[in-house]
Amino acid sequence: MIKVNLTTKLDTKKKKFTAGFVMTVVALTGVVALYNSVQMVDTDTLLAETSAPVEKSNEPMVLAADSNAEMDGEATGFNLEIPQFVALDEDTGPIAESGIVENREEILNDYQNLISEEFHIPENLRDRVGFWFDIYTLHNSNKRLIHHSVYPWIVFEVVDTTDIINSDTPKHRWMRNLKADALVKQQVEKTKTALKSLAKKKNLDDLTDDEKRVMEALSRLDGEVKEKAKFALKNIRVQTGQRNFFQEGLEVSPKYLPGMEEIFENYNLPVELTRIPFVESSFNKHAKSKVGASGIWQFMGGTGRKFMVVTDNIDERHSPFKATVAAAQLLKENHMILKRSWPLAITAWNHGPPGIRKGMAKAKSQDLGEIIAKYRTKSFDFASSNFYSEFLGALFAEKYHEEAFKDLNYSEKLNLHTVKLSRSINAKELLRRSKLSEDNFMLFNPDLKKAVRVNAQVPSGFTLMLDDDARDQLKGIVAKATLGKKRKVPKSTTASSEVSLSEPVARDL
């Protein structure tokens with residue numbers, strides 16, 4: 001048993017159609033007019049790609065987008081697709097306030113010994129991890145940090161768009177988003193202008209306020225001001241705060257973390273690894289990136305099919321526990337390939353083992369901090385070089401979340417069993433016989449959402465997750481349930497051979 005904490009009719013009358021058509025044209029004309037009136041951000045300059053699994057590309061999103069509908073991480077680039085603007089037209093309620101963490105340094109030192117020593121922060125990654133810890137705990141998504149992409153902790157300015165986003169005008173949210181983006185663009189240009197000036201100045205006595213601000217940020221780096229400014233000018237980036245997304249993940253995660261930890265324990269893996277979904281999806285099981293990565297672990301289709309059932313109608317990437325089994329297998333495989341180093345194995349989650357091996361050879365080191373300092377390619381970019389630091393920032397933020405987040409609304413507990421179908425059955429018939437509401441059936445089995453919608457066949461041997469009552473209702477068509485019997489995974493076996501696609505998630509629980 002896994003113990004899981006959960007908590008058109010079309011009007012065809014000509015008159016109405018004509019009126020609706022005219023309104024649509026007027027609205028779209030307004031969209032284009034406003035869009036053309038706003039100076040757009042250079043997405044090469046404001047690249048804020050999110051961290052992602054091996055096959056996931058670094059794709060920008062709408063800068064001020066409402067968060068978790070497509071969880072790529074931070075919201076960053078621009079996209080003028082009208083449907084996306086329509087989706088942004090509705091407000092989703094107030095964004096959580098920015099936070100204050102009074103004992104930040106003590107937390108990063110793990111002063112309560114909540115984290116195993118192998119995941120303590122390496123000194124050569126301390127500043128980088130601290131940056132991500134602040135992104136998760138201090139800055140909400142109304143805050144945009146203009147910073148150095150090579151040295152992320154060098155922050156030139158924090159642009160607060162709260163007044164714009166929360167304003168009553170413009171009326172539509174997407175218009176306010178564009179206005180906020182224009183402000184960010186303006187501040188980026190000011191930073192670039194100040195950097196250009198510093199790169200040419202011979203006398204640093206008479207500086208503008210913007211030049212002083214930029215020079216103060218650069219003071220944390222060694223070297224001459226002119227050279228530092230020249231280099232920074234080529235590496236300006238904008239990062240959106242994640243505190244409110246992280247808070248949502250904290251509230252949802254109790255549904256899954258106890259069962260996920262059991263799975264990782266039975267693979268002889270550190271339970272700290274189960275915090276990777278905080279980076280990937282904020283534990284949104286419906287998260288889907290624009291390049292096709294899905295679920296809380298954000299598996300791409302190709303990688304998912306290696307470990308799970310991923311078809312047109314059934315997608316186990318959306319099942320938090322089945323995807324966790326796959327994640328355990330992949331992480332264990334990476335760990336064995338990459339010198340049994342967790343910094344390298346976790347970075348390979350984003351970049352792939354072959355790329356990490358190239359970095360090790362280039363840097364002549366197995367130390368991730370040294371690899372980041374000495375190895376940079378088009379593919380080993382911001383996302384890849386920061387993925388492990390993002391993970392550590394999220395891990396420390398989660399373990400010490402009571403010091404950074406207050407009054408969280410945690411999900412309720414639920415007990416689930418994993419069982420196997422003894423014969424094939426149509427999805428709607430399976431739902432009917434389970435006596436579950438459709439909402440609860442989908443809550444337990446989100447991998448069958450499309451199958452139920454199209455009434456696809458669910459094959460014999462497929463793993464279901466059910467509560468006690470539903471398991472009893474289906475006892476005639478399911479095999480014996482897994483009831484929590486533990487069996488350690490032999491160390492000599494490889495992860496890819498331990499669980500077949502049709503075996504229960506909790507086989508070893």
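**Exercise 1. Compare the exposure of asparagine 113 and glutamine 298 in this predicted model.**

Solution.
- Asparagine 113 has a relative accessibility of 63% and therefore counts as exposed, since the cut-off for exposed is over 50%.
- Glutamine 298 has a relative accessibility of 0% and so counts as buried, the limit for buried being under 20%.
- Next, place the two residues. Asparagine 113 sits in the loop between helix H3 (104–108) and helix H4 (126–137). Glutamine 298 sits in the loop between helix H11 (276–280) and helix H12 (301–307).
- Then check the backbone. Phi of asparagine 113 is near 55°, which is positive, and the residue is not a glycine. Glutamine 298, also not a glycine, has a positive phi of about 55°.
- For background, most residues other than glycine have a negative phi.

**Exercise 2. Find which bond joins threonine 169 and proline 170, and where proline 170 lies.**

Solution.
- The peptide bond between threonine 169 and proline 170 is cis, with omega about -10°.
- Proline 170 belongs to the loop between helix H5 (162–165) and helix H6 (173–200).
- Most peptide bonds are trans.

**Exercise 3. Describe the surroundings of serine 384.**

Solution.
- Start with the element: serine 384 is part of helix H17, which covers residues 382–399.
- Its relative accessible area is 3%, so serine 384 is buried.
- With neighbours within four places in sequence set aside, serine 384 contacts Thr347, Asn350, His351 and Ser379.

**Exercise 4. Describe the largest nonpolar core and the contacts of one of its members.**

Solution.
- The core holds 117 residues, and Phe119, Phe156, Trp297 and Leu430 touch the most other members. Helix H17 gives the largest share of this core, nine residues.
- Take phenylalanine 156. Residues up to four places away in sequence are not counted; its contacts include Ile146, Leu195, Val214, Ala217, Leu218 and Ile236, as well as His147, Thr191 and Arg213.
- In soluble globular proteins, nonpolar side chains tend to be buried together.
- For the whole protein chain, buried residues make up 56% of the 509 residues.

**Exercise 5. State the volume of the second largest pocket and the classes of its lining residues.**

Solution.
- The second largest pocket contains about 350 Å³ of space.
- Its lining has 17 residues; those nearest the centre are Lys288, Asp315, His318, Lys449 and Lys450.
- Sorted by class, the lining of this pocket consists of nine charged, six polar and two nonpolar residues.

Notes
Residues are numbered from 1 along each chain as its sequence is written. This is a predicted model: local features need pLDDT of at least 70, side-chain atom pairs count only at pLDDT 80 or more; totals for chains, interfaces and linings use all residues. Side-chain values use heavy atoms; hydrogens and water are left out. On a 1 Å grid over the protein atoms alone, a cavity is a set of points where a 1.4 Å probe fits but cannot get out, and a pocket is an open set with protein on both sides within 12 Å along at least five of seven lines; lining residues have an atom within 4 Å of a point. Grid points are joined across faces, edges and corners, and a volume is the space filled by probe spheres set on the points. Ala, Val, Leu, Ile, Met, Phe, Trp, Tyr, Cys and Pro count as nonpolar, Asp, Glu, Lys and Arg as charged, and the others, Gly among them, as polar. Helices (H or I, at least four residues) and strands (E, at least two) are DSSP runs, numbered from the N terminus. Buried means under 20% relative accessible area, exposed over 50%, partly exposed in between (1.4 Å probe, protein chains only). Contact means heavy atoms within 4.5 Å. A nonpolar core is a set of buried Ala, Val, Leu, Ile, Met, Phe, Trp, Tyr and Cys residues joined through side-chain atoms within 4.5 Å.
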